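Me: Please pick a single part of this model and take a close look at it. I work with numbers, so give me the cut-offs for each term.

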Amino acid sequence: MPGQMPPTQLLAENPLNHLLFLSNLPETNKFMLSMCFNQFSVFKVWLVLGQHDMAFVESDNRVQAGALGDSLEGFKITQNYPTKISFVKK
């Protein structure tokens, strides 16, 4: 449709959800992750209990989640940990 932005790469590959799963994280905390995602419309960040390298991020909608995923896929919170991001399946 005219005037519509094309879907992001992550959204085009997995048009599923506004929830993202993050893995390959360094030992971190909720505050640190929230600061990384502050530039995006992120409502909640959950760390996976007992797994220091996994978290979930909730965005406002699928398009924003896709933009977040495309922007931060491979982002290194620390030098040795490129972040892996995927949509949570419904």
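Reply: What follows is about the sheet, its strands and the residues on them.

First, the ground rules. This is a predicted model, in which local features need pLDDT of at least 70 and side-chain atom pairs count only at pLDDT 80 or more, while totals for chains, interfaces and linings use all residues. Residues are numbered from 1 along each chain as its sequence is written, and side-chain values use heavy atoms, with hydrogens and water left out.

Now the frame. The protein chain has 3 helices and 4 strands. Both are DSSP runs, numbered from the N terminus: helices are H or I with at least four residues, strands are E with at least two. Along the sequence the pattern reads α-β-α-β-β-α-β. Of the 90 residues, 32% are buried. Buried means under 20% relative accessible area, exposed means over 50%, and partly exposed lies in between (1.4 Å probe, protein chains only).

The sheet itself is open. Its 4 strands take the order 2-3-1-4, with antiparallel pairing. Strand 2 and strand 4 (84-87) are the edges, each pairing on one side only. From one strand to the next, the twist averages 25 degrees. Axes here are lines fitted to C-alpha atoms, for helices over the stretch in contact; angles run from 0 to 180 degrees between N-to-C directions.

Two strands pair if DSSP finds at least two bridges between them. Strand 1 and strand 4 share 4 bridges, antiparallel. There, leucine 20 stands opposite phenylalanine 87 in strand 4. Helix 3 packs on the sheet and touches strand 1, strand 2, strand 3 and strand 4. The direction of helix 3 makes about 160 degrees with that of strand 4.

Next, the pairing of strand 2 (residues 42-47) with strand 3. These two run antiparallel over 5 bridges. Their hairpin has 6 residues between the strands, and glycine 50 takes a positive phi near 80 degrees in it. Leucine 47 faces alanine 55 in strand 3.

Alanine 55 deserves a stop. Its relative accessible area is 0%, so alanine 55 is buried. Beyond its neighbours within four places in sequence, alanine 55 is in contact (heavy atoms within 4.5 Å) with Leu20, Phe21, Leu22, Leu25, Leu33, Trp46, Leu47 and Val48. Serine 23 lies 32 residues away from alanine 55 in sequence, but the C-alpha atoms are 6.6 Å apart.

The structure holds 1 aromatic pair. Phenylalanine 21 and phenylalanine 56 form it, tilted, at 5.3 Å centre to centre and 50 degrees between the planes. The pair links strand 1 (residues 19-23) to strand 3 (residues 54-59), across 35 residues. As for the cut-offs, rings of Phe, Tyr and Trp (its six-membered ring) pair if their centres lie within 6.5 Å; planes under 30 degrees apart are stacked, over 60 edge-to-face, the rest tilted. Phenylalanine 21 is partly exposed because its relative accessibility is 22%. Phenylalanine 56, at 30%, also counts as partly exposed.

Last, the packing helix. Leucine 72 lies in helix 3 (residues 62-72). Leucine 72 counts as buried because its relative accessibility is 7%. With neighbours within four places in sequence left aside, its contacts are Cys36, Phe37, Phe40, Thr83 and Ile85. Proline 82 is 10 residues from leucine 72 in sequence and 9.1 Å away, C-alpha to C-alpha.

One figure covers the whole chain. Of the contacts with a separation of 6 or more, 65% join residues 24 or more positions apart.
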